[in-house]
Amino acid sequence: MNEWLRICDEDHTECVDEPTVGVYPELPTRVIDIGELSTDHLRLCAFSTEDKESSWQPRYIALSHCWGNLAEEQKRQYCTSAENIDERSKQGFDMAILPRTFQDAVTVTRELGRRYLWIDSLCIIQYGDNMEDWKREATRMEGVFRNAYCTIAATSAADSAKGFLKRPRVQQPELQCIKVESSAHGPVYVSSVADDFQRDVEQGILNQRAWVLQERALSRRIIHFTATQAYWECGSGVRCETLTYMRNSRALFLGDAKFPESLNLRRSLDKIKLFQDLFMTYSRLGITKHTDRPHAISGLEQRLASTFGTEARYGVFEKYLHRSLLWQRSGAKRMDRILYADDDAVVPSWSWMAYDGEFEYLEINSDYVEWVEEVKLADKMLKAQVRRFRGCKLVRKDNGTCSIEAKEGKGERGWLKYDTKPLMDLRELRCVIIGREKEWNGSGNRIVGTDHYVLLVTPRDSETGKVFARVGVGFVPSGYIRFQKKQSEECIV
Ligand SMILES: [Zn+2]
């Protein structure tokens, strides 16, 4: 593993993160000091502003892990809290009080010749401070993983008590290699395990967790400790403990040290496809606390926004506003609004992050759509013109969809898809036009047509009549939208 790191440090120009002069790396507030000697005594230490601004390179290792089915009381005893942080910082603590996965991480950090280790639940206060520290630190994940010397992923540990290093007395398959002399082809090496990055890493328990997607994408390089062997993943490819080297396009994509800067994102279409694929994948991954949905991806969202040269809000990029807003629930599964105890934390209804469940973006060819300029993002609000429907006959279908049928019985003319439950009363339903589909005219040019991509909204505040909430998305011909009255700007929250 040290050799993997050495080669990456010395030979991989694509993996070097050159510091910009005058710009200091954003470091985690605290790390665990495992000491210079091999004692089992650890201490939490804070990075001071001086550390951050000096040329001192804090070469810490970051751990990517999942708690699994560990009971809440068990987690609590391991975590750093408002009550134990002073003691853990001043007197330190014994490695034996930690779950096995964390102990293994200490061992690996030491073997890699590093003194500092970052583990989320030890370096961020988890209990007793009203989540204040957590809220602050959750916004720094981009820097935590970007600036880590290397990330170690406890891929094979189903829960944190299991650990990921093999133990002599436990019956586990051991990696063995033998050399077979063969006169015809020279020596042949035979290994007891087959290299299978797809099975061992991609389909591993850890990579089914929502938090881990960004940890992997934001890391410069990762060592995955899997059930069969360890894999190294960096911008130059994947290396196996069996000494095999493999190229894997998905691994290259997520394992890329400078993800996504070095991807060849020349066209806007590539950028749109990139964020859409990542966010849709994210929505399929497991998350224990549903209220974490906006946070477990915020580091990746920040990095994408800076690569695209734009601002991001709740999974919506200002530069690609229209394409970001046109999402729908995936298949028949209904989404549910995530409830927050704290009003400030509530995610606006136009963001997919406000809901639980899988979603997908509408498949639209931007070349054939004219986007409506008036739709604007203003902090947590979306400013737009809200219009009423007219003369629609809605026919309810399964999977939350309604079709708009022509009154004369000429069949389906458009469709509406609801995020949560269908709203059949047209008096309660309004729409916001996001784009108009272009169509061919007689002389072979595309002109603005009559079909509209819309967001479905419903009044939220009956007093002012100016505040609406998103309830779905639709594709509606202009004949079913009331245009005549010029309406003022209204907001969707
Ligand atoms: Zn490398």
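Which residues does serine 366 touch, not counting residues up to four places away in sequence? In this predicted model, serine 366 touches Arg323 and Trp371 when those sequence neighbours are left aside, and the legends below take up this site together with several others.

**Figure 1. Overview of the predicted model, with its helices and strands.** The protein contains 14 helices and 29 strands, and its C-alpha atoms fill a box of roughly 80 × 65 × 50 Å, taken along the principal axes. Of its 493 residues, 50% count as buried. Among contacts between residues at least 6 apart in sequence, 67% join residues that are at least 24 apart.

**Figure 2. Close-up of serine 366 in the loop between β18 and β19.** The loop that holds serine 366 runs between β18 (359-361) and β19 (369-371). With a relative accessible area of 18%, serine 366 falls under the 20% cut-off and is therefore classed as buried. Its contacts, again leaving out residues up to four places away in sequence, are with Arg323 and Trp371.

**Figure 3. The largest cavity and the residues that line it.** A search of the whole structure finds one cavity of 30 Å³ or more, and the volume of the largest cavity is about 50 Å³. Its lining is made up of Ser64, Thr151, Ala153, Leu206, Asn207, Val212, Glu215, Arg216, Ser219, Ile222 and His224. The elements that give two or more residues to this lining are β6 (150-153), α10 (210-218) and β9 (222-225), and the largest share, three residues, comes from α10. By class, the lining residues divide into four nonpolar, five polar and two charged.

**Figure 4. Helix α10 and its packing against α13.** Eight of the nine residues of α10 are buried, so this helix is largely enclosed by the rest of the structure; the buried residues are Ala210, Val212, Leu213, Gln214, Glu215, Arg216, Ala217 and Leu218. Helices α10 and α13 pack at an angle of about 45°, with their axes 8 Å apart, and they are therefore oblique to each other. In the contact, Leu213, Gln214, Ala217 and Leu218 of α10 meet Ser298, Gly299, Leu300 and Arg303 of α13. The residues of this contact comprise four nonpolar, three polar and one charged.

**Figure 5. Helix α13 beside helix α12.** Helix α12 (residues 268-284) packs with helix α13 (residues 298-308) at an angle of about 175°, and their axes are 12 Å apart. Because angles over 145 degrees count as roughly antiparallel, the two helices α12 and α13 are described as roughly antiparallel to each other. From α12, the contact takes in Lys271, Leu274, Phe275, Leu278 and Phe279, while α13 brings Leu300, Glu301, Leu304 and Phe308 to the contact. Seven of the residues in this contact are nonpolar, no residue is polar and two are charged. Leu300 of α13 appears both here and in the contact with α10.

**Figure 6. The cis peptide bond between phenylalanine 259 and proline 260.** The bond leading from phenylalanine 259 to proline 260 is cis, with omega near -5°. Proline 260 belongs to the loop between α11 (249-255) and α12, the helix whose packing with α13 is shown in the preceding view.

**Figure 7. Methionine 131 and tyrosine 314, each with a positive phi.** Methionine 131 has phi near 65°, which is a positive value in a residue other than glycine, and this residue is found in the loop between α6 (120-123) and α7 (132-138). Its relative accessible area is 25%, and methionine 131 is classed as partly exposed. Tyrosine 314, although not a glycine, has a positive phi of about 50° and is placed in the loop between β13 (312-313) and β14 (316-317). At 19% relative accessibility, tyrosine 314 counts as buried.

**Figure 8. Glutamate 463 in the loop between β27 and β28.** Glutamate 463 is carried by the loop that lies between β27 (446-459) and β28 (467-477), and with a relative accessible area of 78% this residue is exposed. The C-alpha atoms of glutamate 463 and glutamate 202 are separated by 51 Å, and these two residues are 261 residues apart along the chain.

Technical notes
Residues numbered from 1 in each chain as written. Predicted model: local features only at pLDDT ≥ 70, side-chain atom pairs only at ≥ 80, totals over all residues. Heavy atoms only, no water. 1 Å grid on protein atoms, 1.4 Å probe; cavity = no way out; pocket = protein on both sides within 12 Å on 5 of 7 lines; lining within 4 Å. Points joined across faces, edges and corners; volume = space filled by probe spheres on them. Helix = DSSP H or I, 4+ residues; strand = E, 2+ residues; numbered from the N terminus. Nonpolar A, V, L, I, M, F, W, Y, C, P; charged D, E, K, R; others polar. Axes fitted to C-alpha atoms, helices over the stretch in contact; angles between N-to-C directions. Parallel < 35°, antiparallel > 145°, perpendicular 65-115°, else oblique. Contact = heavy atoms within 4.5 Å. Buried < 20%, exposed > 50% of the residue type's maximum accessible area, 1.4 Å probe, protein only.
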